[in-house]
Amino acid sequence: MAHHRYDVIVVGARCAGSPTAMLLARKGYRVLLVDRARFPSDTISTHLVHPPGVAALRNWGLLDRLIGTGCPPIDEYTFDFGVLTITGAPGTADSPVSYAPRRTVLDGLLVEAAAESGAEIREAFTVTELVFEGEHVAGIRGHTREGSTVTERAPVVVGADGLRSLVASTVRPDRYRDKPRLLCGYYSYWSGLPMDGGFETYVRPDRAFAAWPTNDDLTLVVGGWPFAEFETNKRDLEANFLAMFDLAPPFAERIRAATRVERIFGAAVPNYFRKPYGPGWALVGDAGYNKDFITAQGIQDAFRDAERCSAALDESLSGTRSFDDAMADYQAARDGEALPMYEFTTQLATLEPPPPDLERLLGAIHGDQEAMNWFARINSGVDSAAELFAEANALAAAEGASGRCD
């Protein structure tokens, strides 16, 4: 059996894997990108690419292609908490809007870009195991759709294969900051539900739902409830899903006038960090770090991982730095940026009332357009969620010092 030599093999060709392969191939490395799917194909997703992710697409030369698919821009985020509503702009002057493309559109675009950059693409290829030399990962073994077994080797195998990553389950990286599944989330698509460039989210006791536009003049509507209700509510999923909208009567009226065009999709995901590297292997995207989808950060997290991991691998493969040093910095940068949003997201995903400090801060933000824009930028990942916690603490301290009581 012939063995082909690559510098890097990337397992998984969606939002983390294809950009990683593309960026490495653009630097001149021999890259093999494999995925069990054929593209275009769909996958469960929030679809939302916040402004930082849009900026990445622009930097990679791919934003015009996305715009060319007819995916509408989103320039306003609205958060309806029942007692108050905050509406703000999610981006900056340089990157003002978000997009929410169907994954059949986005993933296909990314695979195409990886191929154009020089990566070899193998679709419909299932990786069954990793190849080891001692304790060092040295390649992959898998089979084509026709059943032919193939072994390929490379100094580094990148796992971009998602929550159920075969790469991660094989190398068994250290896990930390684990939290259980918190929220059951479900979504479908409606026609005749115009959003006029808006993202809308509604937060109610034990329920939250949101809507935003996607390709083909459709609107994605997503909602959920605490994971503790999973078994009870799955007995009549559709009725429970649709009943959420009655908690916001104006939205309920709008969606009743629209038409649902696809079945309901759903998921409940764990929250974790995994060490993203080891002898001969690396992890990007959900394979290395995951959190609840209530803040819809997964796609831009994957893009950020792809940029940082490919840069670290370039340093290692070029001999500029050792693999361990370069990848340790990748892990530190990932964790440092991700942790505040991770804590914010997992707090939101409980669907419990906000802590008193945060509730007071929301009240102070309401009606102040600059402050509401800041809140929208935190939810889009433009500004750090650490700022939100700091401001809430500062407000509480100021009120305590003044002797204020509500």
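**Helices α1 and α4.** I began with helix α1 (residues 17-26) and helix α4 (residues 103-116) in this predicted model, and I found that their axes come within 8 Å and cross at roughly 20 degrees. Because an angle under 35 degrees counts as roughly parallel, I entered α1 as roughly parallel to α4. I then looked up the handedness, and α1 passes α4 in a left-handed crossing. Which residues meet here? On the α1 side I listed Ser18, Pro19, Ala21 and Met22, and these meet Leu110, Val111, Ala113 and Ala114 in α4. When I sorted the residues of this contact by class, I obtained seven nonpolar, one polar and no charged.

**Helices α2 and α9.** I next turned to helix α2 (residues 51-59) and helix α9 (residues 298-317), whose axes also come within 8 Å, and I noted that they cross at roughly 45 degrees. The two helices are therefore oblique to each other, and I recorded that α2 passes α9 in a left-handed crossing. From α2 the contact draws on Pro51, Pro52, Gly53, Ala56 and Leu57, while α9 supplies Gln300, Phe303 and Glu307. My tally by class for the contact of α2 with α9 gave five nonpolar, two polar and one charged residues.

**The loop between β2 and α2.** Having looked at α2, I went back along the chain to the loop between β2 (31-34) and α2, where Pro40 is found. I checked the peptide bond from Phe39 to Pro40 and found that it is cis, with omega near 5 degrees. His47 also has its place in the loop between β2 and α2, and I made a separate note of its backbone, since phi of His47 is near 75 degrees, a positive value in a residue other than glycine.

**The annotated stretch.** I looked up the record and found that an unreviewed UniProt entry carries the annotation "domain: FAD-binding" over residues 6-174. I then computed what the chain does over residues 6-174, and it came out as 27% helix and 28% strand, with the end C-alpha atoms 27 Å apart.

**Hairpin β6-β7.** I followed strand β6 (residues 125-133) into strand β7 (residues 136-144) and found that the two pair in the antiparallel sense over eight bridges. To fix the register I looked for the partner of Val127, and in β7 that bridge partner is Gly142. How many residues lie between β6 and β7 in this hairpin? There are two, and Gly134 in the turn has a positive phi of about 65 degrees.

**Sheet β10-β17-β20.** I ended with an open sheet of three strands, which has the order β10-β17-β20 and antiparallel pairing. I marked β10 (175-179) and β20 (289-290) as the edge strands, each of which pairs on one side only. Between β10 and strand β17 (residues 271-274) I found antiparallel pairing over three bridges, and I noted that Arg175 stands opposite Arg274 in β17. Which helix packs on the sheet? I found helix α10 (residues 323-349) there, touching β10, β17 and β20, and its direction makes about 10 degrees with that of β10.

Key:
Residues are numbered from 1 along each chain as its sequence is written. This is a predicted model: local features need pLDDT of at least 70, side-chain atom pairs count only at pLDDT 80 or more; totals for chains, interfaces and linings use all residues. Side-chain values use heavy atoms; hydrogens and water are left out. Axes are lines fitted to C-alpha atoms, for helices over the stretch in contact, and angles run from 0 to 180 degrees between N-to-C directions. Helices (H or I, at least four residues) and strands (E, at least two) are DSSP runs, numbered from the N terminus. Angles under 35 degrees count as roughly parallel, over 145 as roughly antiparallel, 65 to 115 as roughly perpendicular and the rest as oblique. A crossing is left-handed if the near helix is turned anticlockwise from the far one by less than a right angle, and right-handed if clockwise. Contact means heavy atoms within 4.5 Å. Ala, Val, Leu, Ile, Met, Phe, Trp, Tyr, Cys and Pro count as nonpolar, Asp, Glu, Lys and Arg as charged, and the others, Gly among them, as polar. UniProt positions are given in the numbering used here, feature names are shortened, and annotations may be inferred rather than shown by experiment. Two strands pair if DSSP finds at least two bridges between them.
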